[in-house]
Amino acid sequence: MELTVVITNYNEIKTVLQAVNDAKLIGIKDKEIIIIDNCSSDGSRDLLKKISDPSINVILQNKNYGFGKSIELGLSIAKGKYTYIHHSDNEYDYRYVEKMLCFAEKHDLDILLGSRIKDFTGSKWALVKQRPEYLATIISTYLINLWYGKRFTDIIGSRLYKTDTIKKVPVTSYIASFDFESISRICKRKLKIEEIAIGYTPRICRKDKKMKWHHMLDAISVMFKVRFFEP
């Protein structure tokens, strides 16, 4: 199988079914779709229960184990050569997945990052003024670049993993710091990783964002731990 699409959901009743439809529209015929609901309480869980498509694997967790745990679960059962993480908030444009897969296969990558800001031509601080939450992206990306000699623009955008490789990268953070821990460990292990620009439409209502400012402290802490205290 060429591609596994893992959809994570937690209280995204407004967009989750559209996310499922978008995943089905990804222009890769040989693919599977895995939906993991993290014990949603807004009614989106009930919507997912009604999905009757036998080609879609719906997993309803009985507890909120965290975003990272959902990703780990999805990767553990993924059958595709590559796995794309498809967020149920629909901020990332699914039409770029085919381009990402072609790029990753051409360059035999272990992970391909989809950057939300790689093609942004203005000042980074103008971007932060427009979307203050991007400051966390800029800080974390700067640290990864500094510590591992990279030139990334966005380490927490969309992700396409080579499934067999990422299964061998352990994680211990299952909350908001999961993305930061995994990318740190991937860079430290010198896996093949690159970045391309993708389409992105940020949600209008910022209060719906689950990533909060205090999560950045956890992220920096786990990145520092991986860089300086792991063999």
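Here are a few questions and answers on the predicted model above.

Residues are numbered from 1 along each chain as its sequence is written. This is a predicted model, so to speak with its own limits: local features need pLDDT of at least 70, side-chain atom pairs count only at pLDDT 80 or more, totals for chains, interfaces and linings use all residues, and side-chain values use heavy atoms, with hydrogens and water left out.

Reader: How many salt bridges does a search of the whole structure find?

Author: Let's fix the term: a side-chain nitrogen of Lys or Arg sits within 4 Å of a carboxyl oxygen of Asp or Glu. With that cut-off, the search of the whole structure comes to 11.

Reader: Is Glu 181 buried or exposed?

Author: Glu 181 pairs with Arg 185 in a salt bridge, with the closest N and O atoms 2.9 Å apart. Buried means under 20% relative accessible area, exposed over 50%, and partly exposed in between (1.4 Å probe, protein chains only). Glu 181 has 1% relative accessibility, so Glu 181 counts as buried.

Reader: And Asp 53, which class does its relative accessibility put it in?

Author: Asp 53 meets Lys 24 in a salt bridge at 3.6 Å, N to O. On the same scale, Asp 53 comes out at 24% relative accessibility, so the class is partly exposed.

Reader: What distance separates the closest N and O atoms of Asp 179 and Arg 159?

Author: Asp 179 is buried, with a relative accessible area of 15%, and Arg 159 is buried too, at 3%. The two form a salt bridge, and the distance between their closest N and O atoms is 4.0 Å.
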